[in-house]
Amino acid sequence: MLPWASRVGYRVTVLLVVCTSMLFNTVKGDLGKDALKTHDAETHLDLKEVVFVIQSQRNSFHAQQAEIRRTSLLEQAESLGQSPPAVLLLHSLSDNEGDWSILPLMPHLSSLFGKNSSWIVFLEEETSVQVAKLLQVLDHFDRRKEWFLGKPLHDEESTIIHHYAFAENPSIFKYPDFTASWALSIPLVNRLTNKVKNEPLKSDFTIDLKHEIALYIWENGRGPQLTAVPELCTLPQDAPGAERCATTLGRHLPSCGKPVQKEDVFVAVKTCRKFHADRVPVVKRTWEKQALLLEYYSDFADPTIPTVNLGVPNTDRGHCGKTFAILERYVSDAVPKTNWLLIVDDDTLISLPRLQALLGCYDPKEPVCLGERYGYGLSQGGYSYITGGGGMVFSHEAVLRILRSGCKCYSNDAPDDMVLGMCLNALKVPVTHSPLFHQARPEDYSRDFLSHQIPISFHKHWNIDPIAVFHKWLRDDGESTGPQNDFKEEL
């Protein structure tokens with residue numbers, strides 16, 4: 001006991017508060033004084049004040065994974081002796097296709113939880129949560145204020161997928177890594193609800209949701225920026241340093257048993273005569289050898305490659321006519337029957353062994369459409385689609401349903417991926433997202449985001465050496481220097 005403490009007792013309390021504040025700011029970084037709860041608001045956060053939203057998908061494999069995650073959360077609540085929290089599966093909340101874009105869902109969340117809850121925590125199906133630690137983290141923040149919490153990502157250079165935002169200094173803007181989970185305080189949810197109701201969402205396209213949500217919340221400086229929370233992690237559960245984390249990752253590439261065999265994947269490469277000499281050789285020098293069944297589709301039959309002329313004139317954009325001709329050929333007797341069809345561009349870089357491993361998670365008897373998901377007009381009843389550059393994967397059943405529906409291109413140069421998205425939306429066939437497919441180059445994504453992935457594809461040869469990119473990111477022969485060994489970056 002300090003000798004002066006007995007003479008001025010209240011100073012002990014002051015000292016403890018100051019020390020706690022100093023310790024918290026040391027651990028948390030520069031969060032500011034407002035991060036701590038005020039003394040008169042000092043109460044422990046109850047688990048029933050936290051709502052978990054698992055960003056789940058309709059496909060049966062993903063729905064099952066989300067149920068496993070929900071069960072884990074509820075079992076942890078029981079072991080803590082607390083009432084079970086609300087755990088919502090995003091795909092089951094409504095039939096609205098736009099729910100996955102989160103913002104249209106804000107009024108629903110506000111109406112259900114806007115009065116009796118303190119936090120909405122969003123997580124992905126592969127995000128492991130230590131509930132007790134997460135409660136401790138959230139309890140540090142004054143729940144009466146607006147908070148946007150997460151693990152921050154930033155761009156090293158301005159990128160097309162973010163519409164070249166903050167071109168002069170792209171690293172200044174932070175957005176959350178969804179895989180680590182992210183959280184909104186209820187006051188912020190309620191304000192966002194009013195904004196969504198009164199102001200239509202400005203962009204027709206949803207491309208990189210995590211960046212777009214952060215921009216919407218930030219509101220050109222009028223709203224809160226993302227607050228970094230070090231305990232929200234993307235480390236593997238057994239990695240050094242993971243013991244400090246409230247969230248961790250399970251697997252980087254889902255493991256579902258035996259990979260799909262080469263002979264069960266038919267690969268269609270879209271090309272045209274003007275790219276036979278520069279793009280096709282890159283495919284042949286990198287990933288073509290991984291395929292057993294592959295054809296190049298062009299506007300010119302070149303026996304040296306060889307290419308197949310589908311009788312569809314080349315177009316400078318869209319390629320819908322060519323893609324639908326590929327679908328027709330796939331279900332004909334012209335090619336071997338397989339469970340899976342992969343359609344890629346001639347400037348797509350891809351790892352077929354990783355794709356085969358991923359496809360082991362899916363039932364080919366279901367209509368599966370898999371790749372990197374984008375959205376169009378989701379806040380006004382729009383649709384989702386698989387963006388073509390990263391590769392579009394279809395089960396045989398999905399192709400049959402598309403063709404039997406009578407869905408067609410409105411022109412040969414219509415955007416094939418978006419037309420297919422409209423078809424699937426009309427058929428009520430879900431578009432299944434995998435973040436392992438990439439519409440752009442590695443340089444266009446945050447380094448920290450890629451650091452916990454084993455990517456399946458990238459797209460575009462612009463200003464890069466595509467062969468070097470393939471060897472760095474997509475080879476599995478021990479020579480790859482890709483991100484799977486870079487977890488030390490987080491420490």
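## Overall fold

What share of the contacts in the chain with a separation of 6 or more comes from residues 24 or more positions apart? The share is 74%. The model is predicted. Its chain has 13 helices and 23 strands.

Of the 491 residues in the chain, 55% are buried. The accessible surface comes to about 22200 Å². Carbon and sulfur atoms hold 52% of that surface.

## Aromatic pairs

A search of the whole structure turns up 16 aromatic pairs. One of them joins Trp 119 and Phe 141. Their ring centres lie 6.4 Å apart and their planes meet at 75 degrees, so this pair is edge-to-face. It links distant parts of the chain, 22 residues apart. Trp 119 belongs to strand E3 (residues 119-123). Phe 141 lies in the loop between helix H4 (131-138) and strand E5 (148-150).

Phe 141 also pairs with Trp 147. Here the centres are 5.0 Å apart and the planes stand at 65 degrees. Edge-to-face requires planes over 60 degrees apart, so the Phe 141 and Trp 147 pair qualifies. Each of the three residues is buried: Trp 119 has a relative accessible area of 0%, Phe 141 has 1%, and Trp 147 has 7%.

Elsewhere, ring pairs build a cluster from Phe 205, Tyr 374, Tyr 376, Tyr 383 and Tyr 385.

## Charges over rings

Two arginines place their charged ends over phenylalanine rings. Arg 273 sits over Phe 300, with its charged end 3.8 Å from the ring centre. Arg 279 sits over Phe 275, at 3.6 Å from the ring centre.

## Helix H9

Is helix H9 enclosed by the rest of the structure or open? Helix H9 covers residues 352-359. Of its 8 residues, 6 are buried, so the helix is largely enclosed by the rest of the structure. The buried residues are Leu 352, Arg 354, Leu 355, Gln 356, Leu 358 and Leu 359. The list includes Arg 354 and Gln 356 alongside leucines.

Strands and a helix are among the elements that cover these buried residues. The strands include E13 (265-270), E16 (340-345), E17 (348-350), E18 (369-371) and E21 (392-395). Helix H13 (466-473) also contributes cover. At the N-terminal end of H9, Ser 351 acts as a cap. A side-chain oxygen of Ser 351 lies 3.3 Å from the backbone nitrogen of Arg 354.

## Disulfides

The structure holds 4 disulfides. A disulfide is a covalent bond between the sulfur atoms of two cysteines. With the bonded cysteines numbered in sequence order, the pairing reads 1-2, 3-5, 4-7, 6-8. Three of the links are described below.

Cys 233 and Cys 245 are bonded, with sulfur atoms 2.1 Å apart. The torsion about their S-S bond is about -90 degrees, so the disulfide is left-handed. Cys 233 sits in strand E11 (residues 232-236). Cys 245 is in the loop between E11 and strand E12 (247-249), 12 residues from Cys 233. Both cysteines are buried.

## Links across longer separations

Cys 256 is joined to Cys 361, with an S to S distance of 2.0 Å. This link is right-handed, with 90 degrees about the S-S bond. The two cysteines are 105 residues apart. Cys 256 lies in the loop between E12 and E13, and Cys 361 lies in the loop between H9 and E18. Is Cys 256 buried or partly exposed? Cys 256 is partly exposed, because its relative accessible area is 29% and the limit for buried is under 20%. Cys 361 is buried, at 10%.

Cys 320 and Cys 409 form another disulfide, their sulfur atoms 2.1 Å apart. Its torsion is about -85 degrees, so the disulfide is left-handed. The pair is 89 residues apart. Cys 320 is in helix H8 (residues 320-330). Cys 409 is in the loop between helix H10 (396-404) and helix H11 (416-427). Cys 320 is buried, with a relative accessible area of 0%, whereas Cys 409 is partly exposed at 23%.

Notes: Residues numbered from 1 in each chain as written. Predicted model: local features only at pLDDT ≥ 70, side-chain atom pairs only at ≥ 80, totals over all residues. Heavy atoms only, no water. Helix = DSSP H or I, 4+ residues; strand = E, 2+ residues; numbered from the N terminus. Buried < 20%, exposed > 50% of the residue type's maximum accessible area, 1.4 Å probe, protein only. Contact = heavy atoms within 4.5 Å. Areas by Shrake-Rupley, 256 points an atom, 1.4 Å probe, with all protein chains shown as cover. Phe/Tyr/Trp six-rings, centres within 6.5 Å; stacked < 30°, edge-to-face > 60°. Lys NZ or Arg CZ within 6 Å of the ring centre and 35° of its normal. Polar contact = N/O pair within 3.5 Å; in protein donor to acceptor, adjacent residues only side chain to side chain. Disulfide = S-S within 2.5 Å.
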